[in-house]
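Colleague: I'd like a close look at just one part of this model. Could you walk me through it slowly, as you would for someone new to this?

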Amino acid sequence: MGEILFKQRKRNWCGLPWSFTIYSFDEERLFIESGVLSKKEDEVRLYRILDISLTRSFGQRIFKMGTIKIDSSDKTMKCFELKNIKNAKEVKEQLSQLVEEERQRKRISGREFMTDHDHDGFADDYDDDQHHY
């Protein structure tokens, strides 16, 4: 495991870190740890993250928080949220930059996560010369 670059406890509605969920990430993975007596840790590789967005309700804006929504190609963690994050815009930008760096390092493009029909309905290996009418 690499050096943890971000670690923050999920906060309650007024911004206090009174929860049993901890979000963290390093250069390669994002972690969500939850639970008190029984612990559960989920992780997703950063290169698998497809989309990151930020929402901030009125209450979250008052307490300088936000929710980071993430879509990934991971089998167990397709869509998930990092809720009530302090300084969420900065955290989102840091995470977004790390995702891009990891994808470049691994030479992965967004096309590698798409199926044949995600583009225009044609297979990626479509070749006009091989079609017979």
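Which residues point one way from S2, and which point the other way?

Modeller: Happy to, and keep in mind that this is a predicted model. Thr 21, Tyr 23 and Phe 25 point one way from S2, while Ile 22 and Ser 24 point the other way. All of them are buried. That fits the strand as a whole: S2 covers residues 21–25, and five of its five residues are buried, so call it mostly covered.

Now look at what sits beside S2. Strand S1, residues 6–9, pairs with S2 in the antiparallel sense, over four bridges. To find your place there, look for Arg 9, which stands opposite Ile 22 in S2. Then there's strand S3, residues 29–34, which also runs antiparallel to S2 and is joined to it by five bridges. Here the landmark is Ser 24, standing opposite Phe 31 in S3. S2 and S3 make a hairpin, with three residues between them.

Follow the hairpin into S3 and you meet Arg 29, which belongs to that strand. Arg 29 has a relative accessible area of 14%, so it counts as buried, because the cut-off for buried is under 20%. What does its side chain meet? Arg 29 forms a salt bridge with Glu 43, and the closest N and O atoms are 3.3 Å apart. This pair links distant parts of the chain, with Glu 43 in strand S4 (residues 40–45) and Arg 29 in S3, 14 residues apart. Glu 43 has a relative accessibility of 30%, so it's partly exposed. Arg 29 has another long-range relationship to check: Glu 102 is 73 residues away in sequence, but the two are 9.6 Å apart in space, C-alpha to C-alpha.

Glu 102 also turns up in a network of salt bridges, linked with Glu 28, Arg 45 and Arg 105.

Back in S3's stretch of the chain, try Glu 33: its side chain meets that of Lys 39 in a salt bridge, at 3.4 Å from N to O. Glu 33 is partly exposed, at 26% relative accessibility, whereas Lys 39 is exposed, at 53%. A search of the whole structure finds nine salt bridges, and one more to look up is between the side chains of Glu 81 and Lys 83, at 4.0 Å from N to O. Glu 81 is partly exposed at 30% relative accessibility, and Lys 83 is partly exposed at 36%.

Note on methods: Residues are numbered from 1 along each chain as its sequence is written. This is a predicted model: local features need pLDDT of at least 70, side-chain atom pairs count only at pLDDT 80 or more; totals for chains, interfaces and linings use all residues. Side-chain values use heavy atoms; hydrogens and water are left out. Buried means under 20% relative accessible area, exposed over 50%, partly exposed in between (1.4 Å probe, protein chains only). Helices (H or I, at least four residues) and strands (E, at least two) are DSSP runs, numbered from the N terminus. Two strands pair if DSSP finds at least two bridges between them.
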